[in-house]
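Colleague: Got a minute to go through the pockets on this one with me? Let's have it on screen first.

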Amino acid sequence: MISIIAAIGKNNELGKDNQLIFHIKEDMKFFREKTNGHKIIMGHKTWDSLPGKLKNRENIVISRHDFEGPDAIVHDINQFIDKYKDSDEEVFVIGGGTVYHQFLPYAKTLYLTEVDKADPKATTFFPEFNKSNYEKAIIKKGSEDDLVYSIIKYIKN
Ligand SMILES: NC(=O)c1ccc[n+]([C@@H]2O[C@H](COP(=O)([O-])OP(=O)(O)OC[C@H]3O[C@@H](n4cnc5c(N)ncnc54)[C@H](OP(=O)(O)O)[C@@H]3O)[C@@H](O)[C@H]2O)c1
């Protein structure tokens, strides 16, 4: 089973200059708890934006290239999708924009932290999707500093 996890702004903003836009401790905690012990798959740029491997998770990176660091590198995204889209094992797609875009049609569940703030300088965006095709459950609402957010689980009908 493929799940997506992301934090997005009012206009689906994901990132700016290869960094995150929103830093919400509660969102980070949710991300850690949700993905702990699972395979996480990310694009090469997202990997480059991290300080290193995220511990207690199998770090898989999608790239056309080979390099040191991650637990595994996937060159063929379709092979990965075929392997996991109907599996019992839940794997988490953790970004960035190009990778969310490619996995969205195959993801059964989306965990989105929706932040009620826009950033006109954003450079990467979460893809548009039709919310009427998903059942929506609010996991948590909160605010931190000036950021009001809702953590929402979308399950595809
Ligand atoms: N808000 C959030 O929740 C969140 C989460 C994650 C990331 N982000 C942000 O998103 C931004 C990065 O996202 P991005 O869209 O620019 O880049 P990305 O999706 O992280 O990485 C793009 C790279 O992944 C590789 N790739 C993607 N699809 C591939 C395919 N089908 N086959 C082979 N390789 C493939 C390519 O690497 P090669 O060039 O090596 O082939 C490509 O250049 C950053 O600002 C980051 O902070 C935000």
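Modeller: Sure. One term before we start: a pocket here is an open set of grid points with protein on both sides within 12 Å along at least five of seven lines, and lining residues have an atom within 4 Å of a point. Also, this is a predicted model.

Colleague: OK, so which residues line the second largest pocket?

Modeller: Ile8, Gly9, Lys10, Asn12, Leu112, Glu114, Val115, Asp116, Pro127, Glu128, Phe129 and Lys131. By class that's five nonpolar, two polar and five charged.

Colleague: What's its volume, and which strand gives the most to the lining?

Modeller: The volume is about 170 Å³. Strand 8 gives the most, with three residues.

Colleague: And the largest pocket, what volume does that have?

Modeller: About 1,200 Å³. It's lined by 44 residues, and the closest to its centre are Thr46, Ser49, Ile94, Gly95 and Gly96.

Colleague: How does that lining divide by class?

Modeller: Into 18 nonpolar, 19 polar and seven charged residues. Helix 1, helix 2 (44-49) and helix 4 (97-103) are among the elements that each supply at least two of them.

Colleague: Switching to the fold: what's the strand order in the sheet?

Modeller: It's an open sheet of eight strands, ordered 6-5-4-7-1-8-11-10, with mixed pairing. Strand 6 (72-74) and strand 10 (134-144) are the edges.

Colleague: Which strands does helix 1 touch?

Modeller: Helix 1 (residues 25-35) packs on the sheet and touches strands 1, 4, 7, 8, 10 and 11. Its direction makes about 170 degrees with that of strand 1.

Colleague: And in what sense do strands 4 and 7 pair?

Modeller: Parallel, over two bridges. Isoleucine 41 has valine 93 in strand 7 as its bridge partner.

Terms used. Residues are numbered from 1 along each chain as its sequence is written. This is a predicted model: local features need pLDDT of at least 70, side-chain atom pairs count only at pLDDT 80 or more; totals for chains, interfaces and linings use all residues. Side-chain values use heavy atoms; hydrogens and water are left out. Two strands pair if DSSP finds at least two bridges between them. Helices (H or I, at least four residues) and strands (E, at least two) are DSSP runs, numbered from the N terminus. Contact means heavy atoms within 4.5 Å. Axes are lines fitted to C-alpha atoms, for helices over the stretch in contact, and angles run from 0 to 180 degrees between N-to-C directions. On a 1 Å grid over the protein atoms alone, a cavity is a set of points where a 1.4 Å probe fits but cannot get out, and a pocket is an open set with protein on both sides within 12 Å along at least five of seven lines; lining residues have an atom within 4 Å of a point. Grid points are joined across faces, edges and corners, and a volume is the space filled by probe spheres set on the points. Ala, Val, Leu, Ile, Met, Phe, Trp, Tyr, Cys and Pro count as nonpolar, Asp, Glu, Lys and Arg as charged, and the others, Gly among them, as polar.
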